[in-house]
Amino acid sequence: MTTAQAETGRTVTTDIPARLDRLPWSRWHWTIVIGLGTVWILDGLEVTVVGNIAGRLSEPGSGLPITSGQVTGIAAALYVAGACLGALFWGRLTDVWGRKKLFMITLAVYLAATALTSIAFDTWWFFAFRFLTGFGIGGEYAAINSAIDELIPKEYRGRVDLMINGSFWLGAVGGSLLSIVALNTAVFPANVGWRLTFALGAVLALVILLVRRHVPESPRWLLIHGRDEEAERIVSSIEQRVEAEREEPLPRPEGEITIHQRRSVTFLEIGRTVFSDYRRRAILGFSLFIGQAFLYNAITFGFGAILTTFYDVPTGDTGYYFAVIAVGNFCGPLLLGKLFDTVGRKVMISSTYLLSGLLLFGTAWLFDRGSLSAGTLTACWCAVLFFASAGASSAYLTVSEVFPMETRAMSIAFFYAIGTAAGGISGPILFADLTGTGKVGDTVLAFQIGAALMCAAGLVAALLAVRAERRSLEDIATPLTAASSSAARATA
């Protein structure tokens with residue numbers, strides 16, 4: 001590494017990004033996956049538990065004067081609204097303060113808010129802490145996806161990112177099974193079981209917080225912010241651990257980058273970069289997030305209500321059905337993830353979005369004809385969400401790797417917030433009203449809207465998706481502080 005003086009700070013020529021990208025997979029990388037990725041399990045647990053316990057919360061004796069519609073409608077929308085605002089608030093701080101500081105703070109916010117949800121004594125309290133729980137989770141999306149992409153080697157970045165974002169559905173499986181036990185009044189009183197589900201989320205968050213202390217700051221972030229000596233120590237330590245594990249020297253890194261170090265980037269620069277220099281990528285990010293957000297945040301929030309309304313499935317049994325769907329969701333990123341690194345981003349992103357949309361149209365048609373039972377509807381949803389889950393995870397992967405380093409967390413936060421607000425705030429409220437009518441046609445309409453948006457996003461991806469597979473982050477989007485950043489952005 002060499003350094004020189006520049007007007008705005010030191011100029012550093014380094015091979016640290018290349019050294020991180022050439023690392024083989026190791027036990028150290030698994031510690032990153034466990035320390036950072038497991039938070040999506042908590043998110044899946046949260047969303048699923050709330051959807052499945054809605055019926056029990058609205059029953060007399062639950063301890064809360066709340067209706068099922070308020071749980072799946074207002075409370076769900078507040079959770080998503082909190083996540084959107086949290087993403088924007090914490091996203092900016094993630095780019096300024098660093099990845100590690102923020103993924104510790106945001107998890108602590110989640111832990112406190114979900115613990116306080118468990119002791120809710122009135123509707124307003126439940127609403128308030130559902131909002132604050134989402135506020136913490138929203139910040140996690142920006143901080144975690146930034147750190148993961150900057151620490152994982154380029155050969156594995158796609159599949160690891162998809163697997164981690166897809167782990168949301170492991171939490172959904174746990175939430176479904178947990179709600180079955182929690183809703184069983186033979187095991188827990190009606191006003192106790194649902195509280196224990198939220199308390200368990202807080203306990204799991206505490207465990208993750210302890211593990212996360214050992215995850216380092218992103219060396220890429222440190223380089224740009226004038227802490228190159230610290231970045232060098234971290235990367236050297238990682239290399240020593242990997243070499244000791246493999247008992248052989250690592251291959252030589254290929255390539256260097258020259259950075260003009262800066263402490264911060266203004267909002268004006270971020271806006272100009274994302275919406276002017278990379279406007280085609282911005283359109284892609286909007287499309288992917290809006291498509292997946294509406295399908296998931298609108299339709300899956302009401303799945304339990306569909307089962308009880310149209311198929312007379314008891315409230316306490318909806319968790320079994322959702323657990324099956326959640327397994328299908330996790331299998332999508334798990335089994336298809338490697339193809340995003342081998343077949344490529346453009347083919348896989350567009351095909352997963354289009355296939356899930358077309359299958360959802362088919363499900364709507366069968367539902368309208370009355371050809372589905374609770375079991376076959378669940379099977380149809382498994383097929384739809386097997387592809388949709390991989391596609392949805394690739395939306396986070398896309399916006400975290402196609403914009404420059406200095407804007408990464410804020411870009412993730414912005415596209416997540418806009419897309420999720422469009423589909424995730426209006427969606428649950430709209431869908432709760434549609435399924436609440438008990439009319440088949442209204443539910444079919446909701447399915448068709450979700451399917452149309454997924455297909456539209458798939459077509460946009462076919463045209464605009466970036467071939468980012470097996471490429472370094474600096475090659476996909478040159479950092480704003482790099483010596484050749486202006487020329488690189490002009491050709492993006």
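**Close-up views of a predicted model**

**View 1. A closed-off space inside the protein.** About 70 Å³ of space lies in the second largest cavity. This is a predicted model, and it holds five cavities of 30 Å³ or more. For this one, the lining is made by R92, D95, V96, I224, H225, R262, R263, S264, V265, I270 and E406. Helix α5, residues 68-97, gives the most to that lining, with three residues.

**View 2. The second largest pocket and the residues around its centre.** Moving on to the pockets, the second largest has a volume of about 260 Å³. It is lined by 15 residues, and A18, D21, K154, E254 and S472 are the closest to its centre. The top contributor to the lining is helix α1 (residues 16-21), which puts in three residues.

**View 3. A nonpolar patch on the surface.** Here W30, I34, L200, V203, L204, V207 and V211 make a nonpolar surface patch of about 570 Å². Two elements give two or more residues each: α2 (27-37) and α10 (193-212). Of the elements involved, α10 gives the most, with five residues. Zoom in on V211, which is found in helix α10. V211 counts as partly exposed because its relative accessible area is 35%, and that lies between the 20% and 50% cut-offs.

**View 4. Helix α6, end to end.** Helix α6 covers residues 99-117, so with 19 residues at 1.5 Å a residue it should span 27 Å. The end C-alpha atoms of α6 are indeed 27 Å apart, so the model and the expectation agree. Now pick out the side of the story that concerns burial: R99, L102, F103, T106, L107, Y110, L111, A113, T114 and T117 are the buried residues to look for in α6. Among them are an arginine, R99, and a tyrosine, Y110.

**View 5. Helix α20 and its buried residues.** Helix α20 runs over residues 440-464, 25 residues in total. From its first C-alpha to its last, α20 reaches 36 Å, close to the 36 Å expected at 1.5 Å a residue. Buried in α20 are T443, V444, A446, F447, G450, A451, M454, C455, A457, G458, A461 and L464. If you're scanning that list for glycines, G450 and G458 are among them, and the buried set also includes the alanines A446, A451, A457 and A461.

Terms used
Residues numbered from 1 in each chain as written. Predicted model: local features only at pLDDT ≥ 70, side-chain atom pairs only at ≥ 80, totals over all residues. Heavy atoms only, no water. Helix = DSSP H or I, 4+ residues; strand = E, 2+ residues; numbered from the N terminus. Expected span 1.5 Å × (residues − 1). Buried < 20%, exposed > 50% of the residue type's maximum accessible area, 1.4 Å probe, protein only. Patch = residues over 30% accessible without salt bridge, like charges linked within 9 Å, V, L, I, M, F, W, Y side chains within 5 Å. Areas by Shrake-Rupley, 256 points an atom, 1.4 Å probe, with all protein chains shown as cover. Salt bridge = Lys/Arg side-chain N within 4 Å of Asp/Glu carboxyl O. 1 Å grid on protein atoms, 1.4 Å probe; cavity = no way out; pocket = protein on both sides within 12 Å on 5 of 7 lines; lining within 4 Å. Points joined across faces, edges and corners; volume = space filled by probe spheres on them.
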